[in-house]
Amino acid sequence: MAGKRVLVTGAAGFIGSHTVDRLVADGHHVLGVDDLSTGTQENLSGILEESRFNFEKQDVSAPGAVASIVERYHPDTIIHLAALVSVPRGETEPGLNYRLNVQATHEVCEAARRHQVPRIVFASSAAVYGECAELPLAESAPTIPVSQYGYAKRISEQLLEGYRASYGIETVCFRYFNVYGPRQDPASPYSGVVSIFSDRFRVGQPVTIYGDGTQSRDFVYVGDVAMANALAATSETPIYGTFNCCTGESTSLLDLIAVLDRRFPGAPKPEHHPERAGDIKHSLGDPTAIQSALKFAPATPFAEGLGTLLAD
Ligand code: NAD
Ligand code: UD1
């Protein structure tokens, strides 16, 4: 099978850089695009010299920017990961949330329509479900987001569904649950909780728990998410639809702290702060649909993934 040509937005980010690594390792050609706002060139340091990888610094929300890249590069698939990733930042900066999490998706859809790109893989989020009483969440569960970020991801899913219905572009929306693993910047207060807590325990600083710590998440390892992205982007068989990207396993913040306490005995006690605006209490997905669509589902056990992160 000849390698595909894949355009990856947000390529210098946490999930983007692992996705690029996976695609190139599998023999595909990749153009990575990123404005380096939260991503770094360092995340791509292992791949910059690779002949099948190229990089362009570009703001994908700028009108016409993605279209002009697509016109030159002719990708078989666009994997659209660039976004404002932080739920709390979406609450305080709704305009930025709209530009990065809705307008940029429209730019990607238009680029695909105008230049006949047959497939788009999009990074949606479990945040589209909001607070749902019945867990685990199947894709058919109601989507009633509780954050600006969650609404923007849901609007983007609908935009993509519309481009599939009207123009026949195969659109795959992955609702990632909480992704963790190496290269998620722990220094930013907006980073993922696993990355922040692991780093704090390592350096002997107290962690901050927003709320009582009983909130729980379905933590999915980044290598598994990268594999799902690569499979969906390069599959020879037609694929479209909306799929949870999750493990089906629930871990609370208190569970996470208990594991880290065993690994770093004598760590300082956590500090408690009020719950964050836009926070969901419990989030747990059902991975059945992705399993049947891709013959693959994220399956790295949390203890194994956390071990890899701590050894990094
Ligand atoms: P990240 O911040 O590491 O990656 C996002 C990348 O997009 C960064 O490299 C950033 O520089 C780039 N970017 C942002 N705005 C841009 C713009 N206007 N133009 C070009 N590049 C831009 O975050 P991540 O965790 O790797 O997230 C990737 C995607 O996955 C996002 O769409 C996010 O919403 C989604 N997602 C992440 C998680 C998670 O747990 N990390 C869960 C669900 C969904
Ligand atoms: C995360 C992603 C979001 C994604 C969603 C999917 C990040 C930064 N955000 O949001 O892009 O769409 O999963 O489910 O990866 N917490 C603390 N202390 C901290 C940091 C966090 O107690 O220092 C708490 C938060 O209040 C929250 C939980 O940990 O209750 C998880 O927070 P976070 O890792 O930011 O993830 P989500 O908000 O779930």
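**Close-up views of two ligand sites, a few odd backbones and some charged pairs**

**View 1. Ligand 1 and its polar contacts.** The backbone of Ser37 puts a polar atom 3.1 Å from an oxygen atom of ligand 1. Keep in mind for every view here that the model is predicted. Ile15 also uses its backbone, with an N or O atom 2.8 Å from an oxygen atom of ligand 1. Asp59 brings in its side chain, where a polar atom sits 2.8 Å from a nitrogen atom of the ligand. How much of ligand 1 does the protein cover? Taken on its own, ligand 1 has 830 Å² of accessible area, and the protein covers 94% of that.

**View 2. The shell around ligand 1.** Zoom out a little and you can pick up the 29 residues that surround ligand 1, the closest being Phe14, Asp34, Thr38, Leu81 and Tyr149. Sorted by class, the shell has 15 nonpolar, 10 polar and 4 charged residues. Four elements each put in at least two residues: helix H1 (14-25), E5, H5 and strand E7 (178-180). Which of them gives the most? That would be E5, with 3 residues.

**View 3. Ligand 2 and its polar contacts.** Tyr149 turns up again here, with a side-chain N or O atom 2.7 Å from an oxygen atom of ligand 2. Val193 works through its backbone instead, a polar atom of which is 2.7 Å from an oxygen atom of the ligand. Gln184 adds a side-chain N or O atom at 3.5 Å from a ligand oxygen. As for cover, the protein takes up 92% of the 730 Å² of accessible area that ligand 2 has on its own.

**View 4. The shell around ligand 2.** There are 23 residues around ligand 2, and Ser125, Tyr149, Val193, Thr208 and Asp279 come nearest. The class split for this shell is 13 nonpolar, 7 polar and 3 charged. Look for helix H6 (193-203) and strand E8 (208-210), since each hands over at least two shell residues. Tyr149 is worth a second look, as it is among the closest residues to ligand 1 and among the nearest to ligand 2.

**View 5. The loop between E5 and H5.** Find the peptide bond between Leu135 and Pro136: it is cis, with omega at about 0 degrees. Pro136 belongs to the loop that runs between E5 and H5. Ile144 is in the loop between strand E5 (119-125) and helix H5 (148-167) as well. Is Ile144 buried or exposed? It counts as exposed because its relative accessible area is 55%. Together with Tyr151 and Ile155, Ile144 makes a nonpolar surface patch of about 300 Å².

**View 6. Two positive phi angles outside glycine.** His74 is not a glycine, yet its phi is positive, at about 55 degrees. Its spot is the loop between helix H2 (65-73) and strand E4 (77-80), and with a relative accessible area of 53% it is exposed. Gln116 has a phi near 50 degrees, again positive in a residue other than glycine. You'll find Gln116 in the loop between helix H4 (94-114) and E5. Gln116 is exposed too, with a relative accessible area of 64%.

**View 7. Asp59 with Arg99.** Besides its contact with ligand 1, Asp59 has a charged partner in the protein. Arg99 and Asp59 form a salt bridge whose closest N and O atoms are 3.3 Å apart. What does the pair link? It ties together distant parts of the chain, 40 residues apart: Arg99 is in helix H4, while Asp59 is in the loop between strand E3 (53-57) and H2. Both are partly exposed, Arg99 at 32% relative accessibility and Asp59 at 26%. Across the whole structure there are 14 salt bridges.

**View 8. More charged pairs.** Side chains of opposite charge can pair when their charged atoms come close. Arg154 does this with Glu161, at 3.7 Å between the closest N and O atoms. Arg154 is buried, at 17% relative accessible area, whereas Glu161 is partly exposed at 34%. Move over to Lys281 and Asp212, whose side chains meet in a salt bridge at 3.2 Å, N to O. This pair links distant parts of the chain, 69 residues apart, with Lys281 in the loop between strand E13 (271-273) and helix H9 (288-294) and Asp212 in the loop between E8 and strand E9 (216-217). Back at Arg154, salt bridges with shared partners join Arg154, Glu157, Glu161 and Arg175 into one network.

How values were computed. Residues numbered from 1 in each chain as written. Chains lettered and ligands numbered in written order. Predicted model: local features only at pLDDT ≥ 70, side-chain atom pairs only at ≥ 80, totals over all residues. Heavy atoms only, no water. Near = heavy atom within 4 Å. Polar contact = N/O pair within 3.5 Å; in protein donor to acceptor, adjacent residues only side chain to side chain. Areas by Shrake-Rupley, 256 points an atom, 1.4 Å probe, with all protein chains shown as cover. Nonpolar A, V, L, I, M, F, W, Y, C, P; charged D, E, K, R; others polar. Patch = residues over 30% accessible without salt bridge, like charges linked within 9 Å, V, L, I, M, F, W, Y side chains within 5 Å. Salt bridge = Lys/Arg side-chain N within 4 Å of Asp/Glu carboxyl O. Buried < 20%, exposed > 50% of the residue type's maximum accessible area, 1.4 Å probe, protein only.
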